[in-house]
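This report describes one protein chain, from its overall make-up to a single residue and a pocket. Please look over the sequence and the model before reading on.

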Amino acid sequence: MMIAVGVGFSTIALAAGTQVYNPQTRTWSNYDRTAAYRYYRQHKQVPEPFRMQVVKFRTAEKPGTIIIDGNQHFLYLVQPGQQAIRYGIGVGREGFGWAGIVRVGRTAEWPTWTPPAEMVARDPNAAKWAGGQPGGPDNPLGARALYLYEGNQDTIYRIHGTPEPWTMGLDVSSGCIRMVNDDIIDLHSRVQVGAKVIVLMQGAALYKGV
């Protein structure tokens, strides 16, 4: 799927990641962390397709449902009248491993981040937060978090903010589904606990129990 990115280039999501097309040179190039960071530094925001916007969206799911298209790096919040609010996302290693239907089990403002034991063991920076990093602008979970549950069980998957807003549209090394802090604050304000969440991810395994 090709989408416009401001003036001058388009993007496409491939198995190897996101690429951008420059119509002046008629060439594709990888939209990697370096290119994304450079764009963010220059424009103080992410490319236009990854900014929050209302789009046409045909679905049988009821308003309030979240649908995540991890391959295209979009999250949709279904609205009445065959529309949705679309947000850009970054997808971490944990996010790419699964697909299925879950629900928002709980939410948190400026959540505490507790690194997993294997990260604590290998990363000195994570080790100092073994007991939990308090919420704040440098916290990996960002300004808000939606915790995804299957039944009454926490799946360990999250939709959360990030202190690295330039990573929208990218496959990143850690985390699950990350959003710009302003966007996760907006999504958090609109979503009810119990909301249905559908995760689409090509080649991913279905979550246990779905």
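## A buried asparagine

A residue is called buried when its relative accessible area is under 20%. The model discussed here is predicted. Asn181 has a relative accessibility of 19%, and therefore counts as buried.

Asn181 belongs to helix 5. From its side chain to the backbone nitrogen of Ala143 is 2.9 Å. With neighbours within four places in sequence left aside, the contacts of Asn181 are Gly142, Ala143, Gly161 and Thr162.

## The chain as a whole

The protein chain has 210 residues, of which 47% are buried. Its secondary structure consists of five helices and 15 strands. Among contacts with a separation of 6 or more, 60% join residues that are 24 or more positions apart.

The chain exposes an accessible surface of about 10,900 Å², and carbon and sulfur atoms hold 51% of that area.

## Helix 5 and its cover

Helix 5 runs over residues 181–190, and its buried residues are Asn181, Asp183, Ile184, Asp186, Leu187 and His188. The cover over these buried residues includes strand 6 (66–69), strand 7 (74–79) and strand 8 (83–88). Strand 10 (98–109), strand 11 (144–150) and strand 12 (153–160) are also included in that cover.

## Nonpolar cores

The largest nonpolar core contains 27 residues. Ile66, Ile68, Leu75, Ile159 and Leu187 have the most contacts inside this core. Two or more residues each come from strands 6, 7, 8, 10, 11 and 12, from helix 5 and from strand 14 (196–200). Strand 10 supplies the largest share, four residues.

What does Leu75 touch, leaving aside its neighbours within four places in sequence? Leu75 is in contact with Ile66, Ile67, Ile68, Ile85, Arg86, Tyr87, Ile89, Ile159, Met179 and Leu187, leaving aside those neighbours. Another core, of twelve residues, lies apart from the largest one; Ile67, Phe74, Ala84 and Ile198 are among its members.

## The largest pocket

The largest pocket has a volume of about 770 Å³. It is lined by 31 residues, and those closest to its centre are Trp113, Met119, Pro140, Ser174 and Gly175.

Helix 3 (117–122), helix 4 (124–127) and strand 12 each give two or more residues to the lining. Strand 12 gives the most, with four residues. Strand 12 is also among the elements that cover the buried residues of helix 5, and it gives two or more residues to the largest nonpolar core.

Key
Residues numbered from 1 in each chain as written. Predicted model: local features only at pLDDT ≥ 70, side-chain atom pairs only at ≥ 80, totals over all residues. Heavy atoms only, no water. Buried < 20%, exposed > 50% of the residue type's maximum accessible area, 1.4 Å probe, protein only. Contact = heavy atoms within 4.5 Å. Core = buried A, V, L, I, M, F, W, Y, C linked by side-chain atoms within 4.5 Å. Polar contact = N/O pair within 3.5 Å; in protein donor to acceptor, adjacent residues only side chain to side chain. Areas by Shrake-Rupley, 256 points an atom, 1.4 Å probe, with all protein chains shown as cover. 1 Å grid on protein atoms, 1.4 Å probe; cavity = no way out; pocket = protein on both sides within 12 Å on 5 of 7 lines; lining within 4 Å. Points joined across faces, edges and corners; volume = space filled by probe spheres on them.
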